Structures are given as C-alpha cells and as structure tokens.
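Welcome! Here is a short tour for anyone meeting this model for the first time. Take a look at the structure, then read on.

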Amino acid sequence: MTKNIDLAIVGAGPHALTVTTHLLQKRQSIRGRFWVFDPSGMWMSRWKQQFAAFEIPHLRSPAVHHPDPNAFALRKFAEPRPHELFAPYDLPGTQLFADFCQDVIRVWQLQNQVIPLGVRSIEPLPDRVRSRFRLCLQDGQEVIAQRVVLATGSAKQQIPDWVKNIPTYPSDRLCHSQTIDLRKLQLAGQRVLIVGGGLTSGHLALGAIARGAKVHLLLRRQLAEKLFDAEPGWLGPKYLKDFFAESNWQRRFEMIQQARNGGSMTPAIATQLRRQMRSGNIRIDENCQIVKAQWLGESWHIQCSDGSQHECDYIWLSTGTKFDVTTEPLLKNILAAYPIPIVKGLPVLDTCLRWPGCELFIMGGLAALQVGPTARNLSGARMACEKIVPAIVKPSVAFSPTVMSVQAS
Ligand SMILES: Cc1cc2nc3c(=O)[nH]c(=O)nc-3n(C[C@H](O)[C@H](O)[C@H](O)COP(=O)(O)OP(=O)(O)OC[C@H]3O[C@@H](n4cnc5c(N)ncnc54)[C@H](O)[C@@H]3O)c2cc1C
Ligand SMILES: NC(=O)c1ccc[n+]([C@@H]2O[C@H](COP(=O)([O-])OP(=O)(O)OC[C@H]3O[C@@H](n4cnc5c(N)ncnc54)[C@H](OP(=O)(O)O)[C@@H]3O)[C@@H](O)[C@H]2O)c1
C-alpha cells in the first residue's frame, strides 16, 4: 500500500543530518512526520567512506561547522580530546568528527531514522490545493510526500575530454578519485599520474607515496594554496551582502566561480608535497594538461599540451565534480512539470531554496545561487537550513499551485 508522509528527506549525508536537527530544534512535533531515505541505511555513509578511502586525517573546515544547531557543540564535545583539533582554527580530526556526528544522531534520537532505500524517481502529482510528490523507491515501493528535501550531494564526476578518445583500457588503470580507495591498493614501485590541483590530489599523492609509488602531479594551472575552499568572508555579510544584492543570476554564478577559483590545497598539504618533491617521490608539473593518453598494454603513454611525453602505470583523475540540475535523474520530472531558469547548470530556486511552484527544497551545490560559494560545504548546510526550515515549519509561505503546468500520471 502506498504510504503518505509529510516530509521526505532524500539522502542521509551531512546536509540531510543538518536539516533534520534544525527542523527538530524548531519544531519537535515534526518528529515521526518525516522519513529519511539513503541506500546505505546509515547517516554520513558517503562522507565516512571518502575520508577513509583518502586517509584524510582531519577536516578542512573549522570546528564550528557541523550538523548540530548549536555551533559550539563540537567544541564542547572535543573538550576531553583537545589534541584532535588541528591547527590552524581547530580543524576537527576525522574520528572526532565522526564520533561527534554519532553523538548528534544519538542526542536527537535519529538512530533508526534512515530507511535503507534509494529514491529512484520523484514525480509531482497534480493537485489543485497543494503540491505532492510520488517517490518511487529502489525496491519498487512508492510513497506520497507533501514535501521533499533533496540532499543527495548531486555531484557529477568531471572527466576531461581526452579520456573519451581512449578506445579501451583496464578500468583500474584510469579512474576518477571518487572510485579510489587507498586502503585497497598496493603501489610499491608503481608510477601514478594524478590530474588536478585540488585537495583530493594532495591526499591521493601522499597516500600513493606512502605505498611506495612515484607520483607525477599534473595541474592545468599553478598550485593554489588556500586554507579553505572560499574565504571566510563568504560565511557572513562581508561578501554575501553584495552577493544577495546581485539580481543577475549569471553574475551570481561568476561570483561563485571567482570565490572558489577552482581547486586549491591547504598550505599544510602543499608543504608535505614539497618535502616529497625534495625526496624525489613526486614531480609536479604546473600549467600542463594531457592532450592524449594511450594504453600500451602494460602502461600509459601520455602526451601533454607543452609537448612533453610521459610513461606511467596509473592515471588518477582528481578533477573534482560539477553540479548540473539538467542531468540529475531525481529532478527530471520536476524540471518537466515546473520549468525554471537554469544558469550554467544551477537552478534558480526561491529564497527558501524551494523549487518555484512546488514544495521541493534543494540543499548542497545545486543551491549555490541562493546560498553562495560554500553551498556544498558543511557551512553551506547550516546556511541552507536558515532558509529551508522556516518555510517547512510555516508551509503557508508563498506556495502557488497555479504554476503547475504539466500533468503527471
Ligand atoms: C573528500 C572530501 C572531503 C571534504 N571535506 C570537507 C570538509 O572538511 N569541510 C567541508 O565543509 N566540506 C568538505 N567537503 C565538501 C562537502 O561537505 C562534502 O562533500 C559533504 O559530504 C556534502 O554533504 P552532502 O550531504 O551534500 O552529500 P553526501 O555526503 O554525498 O551525502 C549524500 C547522501 O545522499 C545519498 N543519496 C544519493 N542519491 C540518493 C538517492 N537517489 N536516494 C537516496 N539517497 C541518495 C548518498 O548515498 C549519500 O549518503 C568534502 C568533500 C570531499 C569530497
Ligand atoms: N577535508 C579535506 O581534507 C578534504 C580533502 C579532499 C577534498 N576536500 C574538499 O572536497 C572538495 C572537492 O575537492 P577536489 O580536490 O576533489 O576537487 P576540486 O577542488 O574541484 O579540484 C579539482 C581539480 O581538478 C582540476 N580539473 C578539473 N577538470 C580538469 C580537466 N579537464 N583537466 C585538468 N584538470 C582539471 C581543477 O582545475 P582548476 O583549478 O583549474 O579548475 C582542480 O584543480 C573541495 O571542497 C575540497 O576542499 C576536502
């Protein structure tokens, strides 16, 4: 039998956990009226997997950013474990953060909240009075939800064009960082070429070297050293005032791009890489791009934009991810039913992060036009909650059913 629920939260990562605790803080009575879906059946599974797979010792963001509504909760939790807050700015250790999140889950009584099913599709249902959605789940079940919060991360791997021109190769010899798990690799004596200048490249390079590999790091620009993805001014009015005052969405997109300015590494990781360079374990080529890669049966032959040629055993694409609403399967029917402006892949949501015309809210990188450059980060989750939670606990705010334009079965 199809179940009717008030609110469906799709995904159980840090963004979903943040919106859940913030909702409960604002309205305890919402307990029991929302369902959280994630195929893993657990909170924070992808987060934990990625930190373990890249052997990341601590977060890039300071201790104030986390899923609990009380900004000081993590510092308080860390009082008996001060050595797990790393300089500068008290960056939480990976285990400390994981334990803290587990405590958040316990304190807010969310242990058994995640339904171990992925959502396959979201279909808006025609209703003259209020918006509703049919969610088709991984096992074929369906639920009807009045409101949906999409918190699936929604990031798509960025794959360079030259990869498409390689006829065949063993899949373990060229892969995107998201599919790499350092813990499973034996790399002694191997040559690993890593593409990209973000923090993931840094961690992967150090992980490969620790396993006895020689690393060649290729950056299409110069190595940028930054403590954070975007300056802290983007967390408050210093930069956000002008951002929100900008009514041209294209211009807002450019502000986001400029603020993040591609990939960057922390000074601490850059220092470790330089040390490895002096030891002869890594070569770093800047302003250089692969134009052609050939799999020779045992190893790779690489041609670069500067005319140089190289051999290696593995190519790791640490080329990050992109956000594009037009390729997000869960938003296909929504986009068809409620066409809205899209700027370079980002949807123009309303100020509550609601898809205009229906009660579907989006968190994460896809909400960047209304949250700013840190939308995908932990800080972005909190900022998203400030916008979404009031609209959910006071649902009367600005929903117009007349906007619905397409029939859904
Ligand atoms: C290696 C790495 C380190 C990072 N470190 C930091 C940091 O230190 N500080 C910081 O602020 N930011 C950091 N970030 C950026 C960002 O905070 C993380 O990417 C974070 O995990 C984003 O949270 P999320 O909840 O949006 O997505 P995710 O963590 O990806 O969680 C999304 C969840 O949705 C589930 N899901 C997906 N599709 C469906 C579906 N159809 N149905 C049901 N569930 C679904 C997934 O299983 C997943 O569990 C880091 C990113 C990476 C890649
Ligand atoms: N907590 C941690 O310690 C930790 C660890 C890893 C990652 N992270 C976070 O995770 C997020 C993602 O980091 P990331 O390093 O995976 O991705 P990223 O920051 O987006 O960096 C991707 C890199 O790939 C390059 N690139 C993209 N397409 C390319 C192409 N076609 N050819 C050559 N190079 C290309 C980019 O170049 P340009 O710079 O020129 O665009 C950039 O340097 C960030 O927020 C980061 O802070 C955190």
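The report below covers the two ligands, the aromatic rings and a single loop residue.

## About the model

This is a predicted model, in which local features need pLDDT of at least 70 and side-chain atom pairs count only at pLDDT 80 or more, while totals for chains, interfaces and linings use all residues. Residues are numbered from 1 along each chain as its sequence is written, chains are lettered from A and ligands numbered from 1 in the order in which they are written, and side-chain values use heavy atoms, with hydrogens and water left out.

## Around ligand 1

Let us start with ligand 1, which has 28 residues around it (a residue counts as near if one of its heavy atoms lies within 4 Å). Those that come nearest are D38, R60, S61, V119 and L378. By class, this shell has 14 nonpolar, 10 polar and four charged residues. Here Ala, Val, Leu, Ile, Met, Phe, Trp, Tyr, Cys and Pro count as nonpolar, Asp, Glu, Lys and Arg as charged, and the others, Gly among them, as polar. Helix α2 gives the largest share, five residues.

Which atoms make polar contacts (pairs of N or O atoms within 3.5 Å; within protein, one must be able to donate a hydrogen and the other to accept it, and residues adjacent in sequence count only if both atoms are side-chain atoms) with ligand 1? A side-chain N or O atom of S61 is 2.8 Å from a nitrogen atom of the ligand. V119 places a backbone N or O atom 2.8 Å from a nitrogen atom of ligand 1. Taken alone, ligand 1 exposes 980 Å², and the protein buries 82% of that (Shrake-Rupley method, 1.4 Å probe; for residues, only the protein chains shown count as cover).

## Around ligand 2

Ligand 2 has 24 residues around it, and R60, G197, T200, D229 and G263 come nearest. Six of the shell residues are nonpolar, 13 polar and five charged. With three residues, helix α5 (residues 199-210) gives the most to this shell; helices (H or I, at least four residues) and strands (E, at least two) are DSSP runs, numbered from the N terminus.

Several polar atoms lie around ligand 2. A polar side-chain atom of T200 is 2.7 Å from an oxygen atom of the ligand, and one of H203 is 3.2 Å from an oxygen atom of ligand 2. On its own, ligand 2 exposes 920 Å², of which the protein buries 82%.

Why does ligand 2 lie between two domains? Domain 1 (3-155 + 323-403) and domain 2 (157-224 + 262-321) both give residues to its shell, so ligand 2 lies between them. The domain bounds come from an automatic or database domain assignment.

## Aromatic rings

The structure holds 10 aromatic pairs (rings of Phe, Tyr and Trp, taking the six-membered ring of Trp, with centres within 6.5 Å). Y89 and F228 form a tilted pair, because their ring centres are 6.0 Å apart and their planes lie at 45° (under 30 degrees counts as stacked, over 60 as edge-to-face, the rest as tilted). The pair links distant parts of the chain, 139 residues apart: Y89 is in the loop between β3 (85-86) and β4 (91-92), and F228 in the loop between β12 (214-218) and α6 (237-245).

Y89 is exposed, at 54% relative accessibility, whereas F228 is buried, at 16%. Buried means under 20% relative accessible area, exposed over 50%, and partly exposed in between (1.4 Å probe, protein chains only). Elsewhere, ring pairs link W234, Y239, F243 and F244 into a cluster.

## A loop residue

Finally, find S29, in the loop between α1 (14-26) and β2 (34-37). S29 is partly exposed, with a relative accessible area of 45%.
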